[in-house]
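Me: I'd like to go through this one label by label and ask what each of them rests on. Can you show me the structure before we start?

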Amino acid sequence: MSDTPNQYAMQDPRSQYPSPPFPRQPQEAPGLTTKMEPEPDHGETSYRGFGRMEGRKALITGGDSGIGRATAIAYAREGAAVAINYLPSEEKDAQSLADLIEGEGGTLVRLPGDLQDESFCVQLVEDAREKLGGLDVLVINAGNQTAQESIQDITTEQFDRTYKTNVYAMFWLSKAALPHIPAGGTIINVTSVQGYKPSANLLDYASTKWAIIGFTKALAKQAIESGVRVNAVAPGPFWTPLQPSGGQPQDSIETFGEQVPMGRPGQPAEIAPTFVFLATQESGYISGEVFGVTGGDPT
Ligand code: NAD
Ligand code: MG
């Protein structure tokens with residue numbers, strides 16, 4: 001986004017970023033950032049770091065684009081060393097993120113691969129630990145969303161893909177990482193407003209997001225036994241490649257974000273600060289919670 005609003009200036013949030021209508025813009029899943037119109041804002045020109053994550057080591061799944069990309073930029077500018085996972089077909093987004101972060105003197109380790117595979121998830125945690133020299137923050141953000149009008153249109157293949165990516169990978173990654181995360185470290189999951197108010201055409205997706213809430217709350221009770229906190233973020237409608245690449249029908253892209261009180265979708269730059277807060281000691285007394293970032297649409 002060329003004219004990025006200053007995130008730090010007090011202003012009316014309703015007019016801070018673009019509102020619908022948006023052009024129809026179908027693309028294949030997983031989508032690419034550069035094919036979006038307008039291009040999302042990930043804080044490239046606006047996010048200011050304050051050294052809040054100096055020395056931390058973070059792994060972010062789905063870190064190439066959207067919410068994960070904005071989080072990677074924020075973490076790097078706060079002084080963290082960052083590793084991202086993404087699908088090999090998203091190398092273009094991962095490369096441009098590496099160019100940005102490395103160009104600023106930060107660290108971005110790229111670890112592509114498919115999270116639907118348990119052994120890959122285990123290896124990913126091991127590779128991130130090895131490349132970063134440890135692991136303090138695990139952001140489980142990758143997700144798959146494919147809208148279908150009817151349950152009759154959802155194939156077993158789609159149902160598997162949605163559950164493997166959104167739920168099983170969270171289980172595999174958490175299980176592999178937890179023994180290695182030191183006290184003070186955190187796991188941050190990504191659910192959705194869909195976990196509270198499911199849309200009819202997101203049956204499989206919404207039910208994974210509901211599962212993520214339960215998993216977060218139960219795991220938080222276990223993890224605190226070793227001083228690790230577990231929380232989740234629940235985004236409302238965000239302007240990311242997930243949506244035009246099959247996450248919504250194209251009709252809904254034209255009006256995307258119109259339904260929330262702020263009347264527009266969120267931009268990834270607007271959610272990254274929540275991930276920073278949950279990763280640092282500033283949120284030290286918070287575990288097992290879900291933070292809504294929804295444009296005023298209560299969870
Ligand atoms: P995005 O497309 O930019 O990010 C999703 C990422 O998931 C992709 O970049 C991809 O790398 C990754 N991914 C998908 N399948 C994968 C697989 N099998 N293996 C490895 N990686 C895989 O979109 P986003 O909106 O930033 O999504 C991030 C998270 O936010 C998701 O969990 C999504 O459900 C959640 N969310 C998004 C919205 C929204 O409106 N955009 C709303 C609520 C929740
Ligand atoms: Mg992507």
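Reply: Here's the yardstick for the ligand shell: a residue is near a molecule or strand if one of its heavy atoms lies within 4 Å of it. Bear in mind that this is a predicted model, where local features need pLDDT of at least 70, side-chain atom pairs count only at pLDDT 80 or more, and totals for chains, interfaces and linings use all residues. Residues are numbered from 1 along each chain as its sequence is written, chains are lettered from A and ligands numbered from 1 in the order in which they are written, and side-chain values use heavy atoms, with hydrogens and water left out.

Me: Which residues come nearest to ligand 1?
Reply: There are 31 residues around ligand 1, and Ser65, Glu90, Tyr205, Thr240 and Gln243 come nearest. H1 and helix H5 (203-223) each supply at least two residues of that shell. Helices here are DSSP runs of H or I with at least four residues, strands are E runs of at least two, and both are numbered from the N terminus.

Me: What makes Leu115 a polar contact of ligand 1?
Reply: The cut-off is a pair of N or O atoms within 3.5 Å; within protein, one must be able to donate a hydrogen and the other to accept it, and residues adjacent in sequence count only if both atoms are side-chain atoms. A polar backbone atom of Leu115 is 3.0 Å from a nitrogen atom of ligand 1, so the pair qualifies. Gly143 has a polar backbone atom 3.2 Å from an oxygen atom of the ligand, and for a backbone N or O atom of Gly66 the distance to a ligand oxygen is 3.4 Å. The protein buries 97% of the 810 Å² that ligand 1 exposes when taken alone, by the Shrake-Rupley method with a 1.4 Å probe.

Me: What makes Asp64, Ser65 and Glu90 donors of the magnesium ion (ligand 2)?
Reply: Donors are N, O and S atoms within 2.8 Å of the metal (3.2 Å for Na, K and Ca), and water is not among the atoms, so sites may look incomplete. Asp64 (OD), Ser65 (OG) and Glu90 (OE) sit at 2.1 to 2.2 Å, so they pass. Their spacing in sequence is D-S-x24-E. Ser65 is in the loop between strand E1 (57-61) and helix H1 (66-77), and Glu90 in the loop between strand E2 (81-85) and helix H2 (91-103), so the pair ties together parts 25 residues apart in sequence.

Me: Why is Thr294 called buried?
Reply: Buried means under 20% relative accessible area, exposed over 50%, and partly exposed in between (1.4 Å probe, protein chains only). Thr294 has 12% relative accessibility, so it counts as buried. Ser65 and Glu90 are both buried too. The Thr294 side chain reaches the backbone oxygen of Asp297 at 2.8 Å.

Me: And why is Ser150 called partly exposed?
Reply: Ser150 has a relative accessible area of 25%, so it is partly exposed. Its loop runs between strand E4 (137-140) and helix H4 (156-177), and the Ser150 side chain reaches the backbone nitrogen of Gln152 at 2.8 Å.

Me: Is Gly263 buried or partly exposed?
Reply: Gly263 is at 24%, so it counts as partly exposed. Gly263 lies in the loop between helix H7 (250-254) and helix H8 (272-279). Leaving out residues up to four places away in sequence, Gly263 touches Ser19, Pro20, Gly257 and Glu258, where contact means heavy atoms within 4.5 Å.
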